[in-house]
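Colleague: I would like a close look at one part of this protein. Please start there and then work outwards.

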Amino acid sequence: MKIVMLGAPGAGKGTQAKKIAAKYNIPHVSTGDIFRANIKGGTELGKEAKSYMDAGKLVPDELTVRILLDRVSEEDCRNGYVLDGFPRTIPQAEVLDKELTKAGEKIDYAINVEVPDENIVDRMSGRRGCPKCGASYHIKYIPPKKEGVCDACGTELVLRDDDKPETVKNRLKVYHEQTQPLIDYYTKQGALKEVDGTVDPEDVFKAITDILG
Ligand code: AMP
């Protein structure tokens, strides 16, 4: 099963993608996570990606597509995957489709997690992530058991640089201009499914599993 998660930054795509990956036993592939791992590791790719990410801009398609195609060609992706944060532009979706078509495959579901703009800044400023194990939380909606500390590994949680309010506004603008058109793109393919992202994360997941079966 090949799944694409769509939705504004902060809509909860990552949280849902992780749950889908666990339930359906497919890898969770997040281009943002790959970039962050490279930044942490001090690689050339990380250095290049960081300047765009810190400004709330998209990393150029060519670079992003290359790392995504490398990742999905790995053995563990053979039976499918859930893509989180990719594609973010029509050209990215087209390259992915071209590669899939060559292999006689396609995206089965594009799940759009819908959250209105007015909720996004609030949601993103409350996000916290574990810099060690990658677990994600929200101070209001998905709080850790102990404030500020990762449930899974005990590490102190952080607010991502690009979740700061000034960057969030830019990311939202970029989302509307470049990523939202993908909703039409996948609607035309017959792959689009919409879920309400404003409800409790467990209920969002229930709606998703009703779709995926
Ligand atoms: P995310 O963790 O998905 O919110 O991504 C964080 C940041 O990484 C984005 O704001 C972009 O700067 C960059 N990024 C992640 N995925 C992509 C993509 N598919 N295309 C371009 N830039 C991306």
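Is Met5 buried or exposed?

Modeller: Met5 is buried, because its relative accessible area is 2%, and the cut-off for buried is under 20%. Bear in mind that this is a predicted model.

Start with the position. Met5 sits in strand β1, which runs over residues 2-6. Its contacts beyond four places in sequence come from several parts of the chain. Lys13, Gln16, Ala17 and Ile20 touch Met5. So do Val82, Leu83, Asp84 and Gly85. Ile111, Val113 and Ile208 complete the list. Asn112 is 107 residues from Met5 in sequence, yet the two C-alpha atoms are 6.1 Å apart.

Now take one of those partners, Gln16. This residue belongs to helix α1, residues 13-24. Gln16 is buried as well, at 3% relative accessible area. Its side chain reaches the backbone oxygen of Pro201, and the distance is 3.0 Å. Pro201 is also among the residues that Gln16 touches beyond four places in sequence. The others are Met5, Val204, Phe205 and Ile208. Ile208 is therefore a shared partner, since it appears in the contacts of both Met5 and Gln16, with contact meaning heavy atoms within 4.5 Å.

Asp84 is another partner of Met5. Follow Asp84 and you come to Ser30, which touches Asp84 and Arg36 when residues up to four places away are left out. Ser30 lies in strand β2, residues 28-30. Its relative accessibility is 6%, so Ser30 counts as buried. The Ser30 side chain has a polar partner too: the backbone nitrogen of Asp33, at 2.9 Å.

Strand β3 covers residues 81-84, and a loop joins β3 to helix α5, residues 90-102. Pro87 is in that loop. The bond between Phe86 and Pro87 is cis, with omega about -5°. Most peptide bonds are trans.

Go on to Ile183, in helix α8, residues 181-189. Ile183 is buried, with 17% relative accessibility. Its C-alpha atom is 9.2 Å from that of Ile111, although 72 residues separate the two along the chain. Ile111 is one of the residues that touch Met5. Ile183 itself is in contact with Leu6, Asn112, Tyr175, Leu192 and Glu194, leaving aside neighbours within four places in sequence. Asn112 is thus listed among the contacts of Ile183, and its C-alpha atom is 6.1 Å from that of Met5.

Next, some loop positions. Asn25 lies in the loop between α1 and β2. It is exposed, at 71% relative accessibility. Its phi is near 55°, a positive value in a residue that is not glycine. Most residues other than glycine have a negative phi.

Ser73 is in the loop between α4 and β3. This serine is exposed, at 57% relative accessible area. The C-alpha atoms of Ser73 and Glu99 are separated by 10 Å, with these positions 26 residues apart along the chain.

Pro60 is in the loop that links α3, residues 44-54, to α4, residues 61-72. Pro60 is partly exposed, with a relative accessible area of 29%. Gln92 is 32 residues away from Pro60 in sequence, and 9.8 Å away from C-alpha to C-alpha.

Finally, the whole protein. There are 9 helices and 7 strands. The radius of gyration is 16 Å, close to the 17 Å that the globule rule gives for 213 residues, so the protein is as compact as a globular protein of that length. The C-alpha atoms fill a box of roughly 50 × 40 × 35 Å along the principal axes. Of the 213 residues, 44% count as buried; Met5 is one of the buried residues.

Contacts over long stretches of sequence are a feature of the whole chain. Take the contacts between residues at least 6 apart in sequence: 69% of them join residues at least 24 apart. The exposed area is about 10,900 Å², and carbon and sulfur atoms supply 51% of it. As for charge, there are 32 positive and 35 negative side chains. The centres of these two sets lie 3 Å apart.

Terms used. Residues numbered from 1 in each chain as written. Predicted model: local features only at pLDDT ≥ 70, side-chain atom pairs only at ≥ 80, totals over all residues. Heavy atoms only, no water. Helix = DSSP H or I, 4+ residues; strand = E, 2+ residues; numbered from the N terminus. Rg over C-alpha atoms; globule rule 2.2 N^0.38 Å. Buried < 20%, exposed > 50% of the residue type's maximum accessible area, 1.4 Å probe, protein only. Areas by Shrake-Rupley, 256 points an atom, 1.4 Å probe, with all protein chains shown as cover. Lys, Arg positive; Asp, Glu negative; His and termini not counted. Charge placed at Lys NZ, Arg CZ, Asp CG, Glu CD. Polar contact = N/O pair within 3.5 Å; in protein donor to acceptor, adjacent residues only side chain to side chain.
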